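Colleague: Could you take me closely through the salt bridges of this model, one pair at a time? Please add what is needed to judge how far the coordinates can be trusted.

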Amino acid sequence: MRWALVKVSLAVTAMVVVAFAVPLGLVIREMARDRAFSNAEREAAAVAPALSITTDRDQLERVVASAGSDAGISVHLPAGGNGGADIGRRRATDEDIAAVRAMGRASTTEVQGGSTLLQPVALSSGEIAVVEVYVPESEVTNGVGTAWAVLAAVGAALIVGSVAVADRLGVRMVQPAQRLAEGAHELGEGKLGARVPEEGPKELRLAAVAFNSMADQVVQLLANERELAADLSHRLRTPLTVLRLNAASLGDGPAADQTRFAVEQLEREVDTIIRTARDARPRTAAAGPGAGCDAAEVVRERMGFWSALAEDEGRKWRVAGADRPVRIPVARADLAAALDALLGNVFRHTAEGTAFAVDLHNGEDAVIVLVSDAGPGIPDPEAAMARGRGSGSDGSTGLGLDIVRRLAESTGGDVRIGSSVLGGTEVRIWIQLDGRAPERRRGHRGSVRRRRGPRLISSANRPRSLP
């Protein structure tokens, strides 16, 4: 906006200066010309009375010498045949002199080095003599260059002054807008204390007031949400305590150990949620260079945890594509939570003995994680993705899929629910590696899909059991 105002002011002022300076410069040149020829007419008028009295050459030479320079004034007498007699230096042609005698009025003509004024004068004999006054070009343009230079300097000063004024006005308008943009950027980065000074033009002051009010409301809403999350998480301590006591009485055995380990892990997660919710600092910073995790390692670890429960329920399972490192720009804990949410849904919403699989596909610009099962499927995927609604079955709130969706969207990816080759549900997590928005990379999915190959029943992808 600042430079736009400067450009507009520069263009308008330049047009005004040109509109006034050019005609004024032309007027000054014409005035200088008129002044030079007015002087020439006065010199010619000084010679005319003598011509009306006498045509004696000696007397006329003295008159010409007294009226001006011999090199500038000459008299052309009609006596003596063609061309007559001349006193002084002739510059005009015979045709110009004859034309002035015939017309009987003064005339100007261009000659080498300037112009001449030809003034007819009636003699006592009734004939016409012509007084020639030479006007050099330097006299015609005397003072014009200086006047034009002054006009140019005044015009340049006006342009510079208008640009400076426009720049100051632009700064006064732009600075509040810049502060508003910086405040919005800081608030978007999680700096909840960002506020904007309420100054500048009226419209920007109102915008600053609205921004500060919005920021206060955001801080209040986040505080309320943190308190609510902490309170809800704290309510889980009582049933967790009962579970821990019951798990302690289970005795020895793999199932009892796994139960106690799960209860301890659940207690740690609840404690982490409470501490995070009580912490007023938002965790919105972007992952720095080198951040992220090995998706293959996380998949193997979580499948190792869920495989024991799968064996107890008689479920067939397999892992594909996790035999080599796959780096993704996602925190290890976030990916583990997303996998636990999806695998927990498989165990919660499918019957015992239902097979499931996890496939990991590494592409040039994205990584795909597929969690498939052979259950009844999800009749309404859009409802299942809605936070707080779930699929409609008991124990389904949609919060698990919301965790998965937010993980994928944090990288510019997305989550899709479809039908798997096992006959049940397939949840596809698209994790973008280059951070582009989903709309821009949907035309490039083929580079990843071509690498998928047969998924669940191919012998090339034989399930890799974990101990």
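Modeller: Arginine 179 is partly exposed in this predicted model, its relative accessible area being 25%. Its salt-bridge partner is glutamate 199, with 2.7 Å between the closest N and O atoms. The two belong to distant parts of the chain, 20 residues apart: arginine 179 sits in helix H5 (144-188), whereas glutamate 199 lies in the loop between that helix and helix H6 (202-235). Glutamate 199 likewise counts as partly exposed, at 39% relative accessibility.

A second pair is formed by arginine 318 and aspartate 359, whose side chains meet at 2.7 Å, N to O. Here too distant parts of the chain are linked, since arginine 318 belongs to strand S7 (residues 317-320) and aspartate 359 to strand S9, 41 residues apart. Both arginine 318 and aspartate 359 are buried. Elsewhere, Glu297, Glu301, Arg302, Arg332 and Asp340 are joined into one network by salt bridges that share partners.

Aspartate 167 and arginine 168 supply a further salt bridge, with a distance of 2.9 Å from N to O. Aspartate 167 counts as buried because its relative accessibility, 13%, is under the 20% cut-off. The structure holds 14 salt bridges.

Helix H10 (residues 332-349) merits a separate word. This helix of 18 residues reaches 26 Å from its first C-alpha to its last, close to the 26 Å expected at 1.5 Å a residue. Its buried residues include Leu335, Ala338, Leu339, Leu342, Val346 and Phe347. In an α-helix, residues three or four places apart point the same way, because there are 3.6 residues a turn.

As to confidence, the protein chain averages a pLDDT of 77, and 81% of the residues score at least 70. Among the elements of the chain, strand S9 (residues 356-362) has the highest mean pLDDT, 94, and helix H14 (residues 446-449) the lowest, 40. Over residues 280-289 the pLDDT is below 50, and this stretch has 6 contacts in the model beyond near neighbours in sequence. Residues 437-467 also stay under 50, although the model has 57 contacts for them beyond four places in sequence. Where pLDDT is low, the predicted coordinates should not be read in detail.

Notes
Residues are numbered from 1 along each chain as its sequence is written. This is a predicted model: local features need pLDDT of at least 70, side-chain atom pairs count only at pLDDT 80 or more; totals for chains, interfaces and linings use all residues. Side-chain values use heavy atoms; hydrogens and water are left out. pLDDT is the predictor's confidence in each residue, from 0 to 100. Helices (H or I, at least four residues) and strands (E, at least two) are DSSP runs, numbered from the N terminus. Contact means heavy atoms within 4.5 Å. The expected span of a helix is 1.5 Å times one less than its number of residues. Buried means under 20% relative accessible area, exposed over 50%, partly exposed in between (1.4 Å probe, protein chains only). A salt bridge is a side-chain nitrogen of Lys or Arg within 4 Å of a carboxyl oxygen of Asp or Glu.
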